[in-house]
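Biologist: Please take a close look at a single part of this protein and explain, in connected form, how that part is placed within the whole. I should be grateful for an account that a first-year student can follow.

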Amino acid sequence: MKKQVLMLLAALMLGSVAINAAERLVALESMPQVAQDFTRKYFPATDPLYRQAYVTYDAELFDSSYMVVFTNGDGLEFNKDGSWKDFECKYCVVPAEIIPAPIKAYLDANFPDQQVKKIEKNRRDYEVKLSSGFELKFDLQGRLVEVDD
């Protein structure tokens, strides 16, 4: 009997966590100011490519994030503090100003004719996808770790 009660309580607790850890639509203004400013600076709403389709807030169990999706399918993801986490540009190019200097220098020297279509910042590394399809992985200091074609 005790086992059944404990299992029922555990199921109820997990269910409440799952309900609270849900993705929902929010206004751009509900993101941290740094994320709002970044979005407006690099992806102005006056440009038809960057009209916002929607902004979501994803409250995960141990972390949360904001995702801005534009009408052209491009997307930005920000951490809960407003720092950028991921950019996926199907039709645009990742702004050069946000690419860490050592990574940008490497790309300029080795892939001068390629555009950065995606960059993702993780806790241990950066992942970069070029217009040619090459995927490069750099450590947090900007040193190349892996190339995948």
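Modeller: I begin with the whole protein, which exposes about 9400 Å², with carbon and sulfur atoms supplying 56% of that area. Please keep in mind that this is a predicted model. The protein has 149 residues, and 35% of them are buried. Its secondary structure consists of three helices and nine strands, and along the sequence these follow the pattern α-β-α-β-β-β-β-α-β-β-β-β. Of the contacts between residues at least 6 apart in sequence, 36% join residues at least 24 apart.

The part I have chosen for the close look is Asp-74, which is located in the loop between strand E3 (64-70) and strand E4 (75-79). Is Asp-74 buried or exposed? Asp-74 is buried, yet it has no salt bridge. The nearest side chain of opposite charge belongs to Lys-90, and it is 6.6 Å away. A salt bridge requires a side-chain nitrogen of Lys or Arg within 4 Å of a carboxyl oxygen of Asp or Glu, so a pair beyond that cut-off is not counted.

The backbone of Lys-90 presents another picture: its nitrogen lies 2.6 Å from a polar atom of the Asp-74 side chain. Setting aside neighbours within four places in sequence, Asp-74 is in contact with Tyr-50, Val-68, Val-69, Glu-88, Cys-89, Lys-90, Tyr-91 and Cys-92.

For comparison, one may turn to charged side chains that do form salt bridges, of which the structure holds six. One of them joins Lys-85 and Glu-77, whose closest N and O atoms are 3.6 Å apart. Glu-77 is buried, with a relative accessible area of 17%, while Lys-85 is partly exposed at 21%.

Another salt bridge links Glu-29 and Arg-40, with 3.2 Å between the closest N and O atoms. Glu-29 is in the loop between strand E1 (23-26) and helix H2 (33-42), whereas Arg-40 is in helix H2, eleven residues apart from Glu-29. Glu-29 counts as exposed, at 53% relative accessibility, and Arg-40 counts as partly exposed, at 38%.

The side chains of Lys-104 and Asp-108 also meet in a salt bridge, at 3.1 Å from N to O. These two residues are separated by about one helical turn, because they are four residues apart in helix H3 (residues 101-110). Lys-104 is partly exposed, with a relative accessible area of 28%, and Asp-108 is likewise partly exposed, at 44%.

To return to the chosen part, Asp-74 is a buried residue without a salt bridge, and a polar atom of its side chain lies 2.6 Å from the backbone nitrogen of Lys-90.

Notes: Residues are numbered from 1 along each chain as its sequence is written. This is a predicted model: local features need pLDDT of at least 70, side-chain atom pairs count only at pLDDT 80 or more; totals for chains, interfaces and linings use all residues. Side-chain values use heavy atoms; hydrogens and water are left out. Buried means under 20% relative accessible area, exposed over 50%, partly exposed in between (1.4 Å probe, protein chains only). Lys and Arg count as positive and Asp and Glu as negative; His and the chain ends are not counted. A polar contact is a pair of N or O atoms within 3.5 Å; within protein, one must be able to donate a hydrogen and the other to accept it, and residues adjacent in sequence count only if both atoms are side-chain atoms. Contact means heavy atoms within 4.5 Å. Accessible areas come from the Shrake-Rupley method with a 1.4 Å probe; for residues, only the protein chains shown count as cover.
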